[in-house]
Amino acid sequence: MLTRTATIWSSLFQRGMVSYVANVPNFTTLSNATSFLTFLLLALSITGSPVEIRNSPITLPIVGRLNFSNDTVNLLHYDKAHAAALRNPSKRGHARRITPAFNRDVTYITAVAIGSPPTTYNMIVDTGSSNTWLAASTKYVVTETSVNTHQHVEVVSPSGIFSGTEYLDTVILGSGITVTEQSIGVAITSTDFPTGVDGVLGIGPVGLTEGTLPQLSTMTIPTVTDNLYKQGAVSQDIVSAFFQPSNPQTETQGQLTFGGTDATMYTGDIAYTPITTANPASTYWGIDGSITYVSMTILSSTAGIFQTGTSFILIATDALTKYQSATGAALDKKTGFLTVSSAQYSVLKNLNFHIGTETYSLTPNAQIWPRSLNSKISGASNVIYLIVNDIGTHSGMGLDFVCGLIFLQRFYSVFDTANSRIGLAKTSFTNATTN
């Protein structure tokens, strides 16, 4: 099979964009030119040969940052707008152009080196998109490994726009593990991008890249996860993540593991469940599940997704009504959050997500916004705000709940491309009382 570079060169040749061949001696006939192309493609496929297979997974540290500006009411509004865009992928243009799914106030960053000699970029870790790209504010350094494919690449959505040129380049992860011919979007324009970071490392399903190259609208672009596996750097097409809960005093820590899992990051066993077949949740890291509060079913079995680009837990409108009734919560119109009194919080029960054969419980403390950050949502210091909110539609829409970062901070998550499944396990923070 030809490498991505070979495919691009073939496309450029056939479209007449490689014009110098006609001027090279001994290639005056179509037959000779075709022979030259065959030789060129063979050479390119050899240079893109797999690297030696590693026995152990690749681990990358990630750092959580709080980037609040004025308040976080906008963050809640963003989450809801983002959820609406996720539910309606067909409304984002003729091709499926996926939301660059990050929130601007809570981000997890990892360092990625690109090129030779390499330049290090701070990239947002994003489970909700699959392109790897650099923002317009970041200077992409062209090196000897950079290949300009002359392909326009774009990602558009209500939450932001990225438009630029695709390059293929070498990406270096961890302790020198390389991925060759990785697609890198180099932005000419980008909007609504967080300050202090350089781009996005997309670790979502590869299908999310379809349509992001408008000239090759049916082509998908292999993700970094996929290329690590295909090029033999790891033995499994899998990425797992540990996100430590947000801490207002320090930068919180976490870890990405490509090619496997890290048993030191979780407790007990990892339980897996298949990717849902329900649309549109199946487009993302989506699963089937139900939600209960004590003995009350607030959301019957339906499809939802795991999403680092969403801060909160969003559930269908009818489910939120049941949750609000069960907890006795009141809506705070100023912030848009549900609130409970100290007395109500003292008797708050677990919110249970039933996924596959397992139950993943959000403890009472896990259901509230960190009280030390109340001022960041224009909230009162003595009020308890719940992190469960309205997705904006009733259940039965094919994507009825979103488990955002607040959920993922409580559980170890495994995104298994090869087996089309997601795994979850408890961590030391599952029952923490940090909020």
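Q: Which residue in the turn of the hairpin formed by strand 12 and strand 13 has a positive phi?
A: First, a heads-up: this is a predicted model, where local features need pLDDT of at least 70 and side-chain atom pairs count only at pLDDT 80 or more, while totals for chains, interfaces and linings use all residues. Residues are numbered from 1 along each chain as its sequence is written, and side-chain values use heavy atoms, leaving out hydrogens and water. Strands (E, at least two residues) and helices (H or I, at least four) are DSSP runs numbered from the N terminus. The hairpin leaves 2 residues between its strands, and the one in the turn with a positive phi, about 55°, is Val-294.

Q: How many bridges join strand 12 to strand 13?
A: Two strands pair if DSSP finds at least two bridges between them. One example here is Ile-291, whose bridge partner in strand 13 is Leu-299. The two strands run antiparallel, and the number of bridges joining them is 7.

Q: What is the strand order of the open sheet of 7 strands?
A: Strands of a sheet pair through backbone hydrogen bonds, either parallel or antiparallel. The pairing in this open sheet is mixed. At the edges, pairing on one side only, sit strand 18 (358-362) and strand 20 (388-390). Reading across, the order is 18-17-12-13-21-14-20.

Q: Which residue in strand 18 does Phe-353 stand opposite?
A: Strand 17 (residues 351-355) and strand 18 run antiparallel, with 5 bridges joining them. Within strand 18, the residue opposite Phe-353 is Tyr-360.

Q: What angle does the direction of helix 5 make with that of strand 13?
A: Helix 5 (residues 317-327) packs on the sheet and touches strands 12, 13, 14, 17 and 20, where contact means heavy atoms within 4.5 Å. Axes are lines fitted to C-alpha atoms, for helices over the stretch in contact, and angles run from 0 to 180 degrees between N-to-C directions. For helix 5 and strand 13 that gives about 130°.

Q: Which residue in strand 21 is the bridge partner of Gly-304?
A: Strand 13 also pairs with strand 21 (residues 401-403), this time running parallel, through 3 bridges. In strand 21, the partner of Gly-304 is Phe-401.

Q: Which residues have the most contacts inside the largest nonpolar core?
A: A nonpolar core is a set of buried Ala, Val, Leu, Ile, Met, Phe, Trp, Tyr and Cys residues joined through side-chain atoms within 4.5 Å. Buried means under 20% relative accessible area, exposed over 50%, and partly exposed in between (1.4 Å probe, protein chains only). The largest core has 89 residues, and those with the most contacts inside it are Phe-258 and Phe-407.

Q: Is Pro-280 buried or exposed?
A: Pro-280 lies in the loop between strand 11 (267-274) and strand 12. Its C-alpha atom is separated by 9.7 Å from that of Ile-305, 25 residues apart along the chain. With a relative accessible area of 4%, Pro-280 is buried.

Q: What is the relative accessible area of Ser-346?
A: Ser-346 is found in helix 6 (residues 342-346). A polar atom of its side chain lies 2.5 Å from the backbone oxygen of Ala-343. Ser-346 counts as exposed, with a relative accessible area of 58%.

Q: What share of the 435 residues in the chain is buried?
A: The chain has 7 helices and 23 strands. Buried residues make up a share of 57%.

Technical notes
A polar contact is a pair of N or O atoms within 3.5 Å; within protein, one must be able to donate a hydrogen and the other to accept it, and residues adjacent in sequence count only if both atoms are side-chain atoms.
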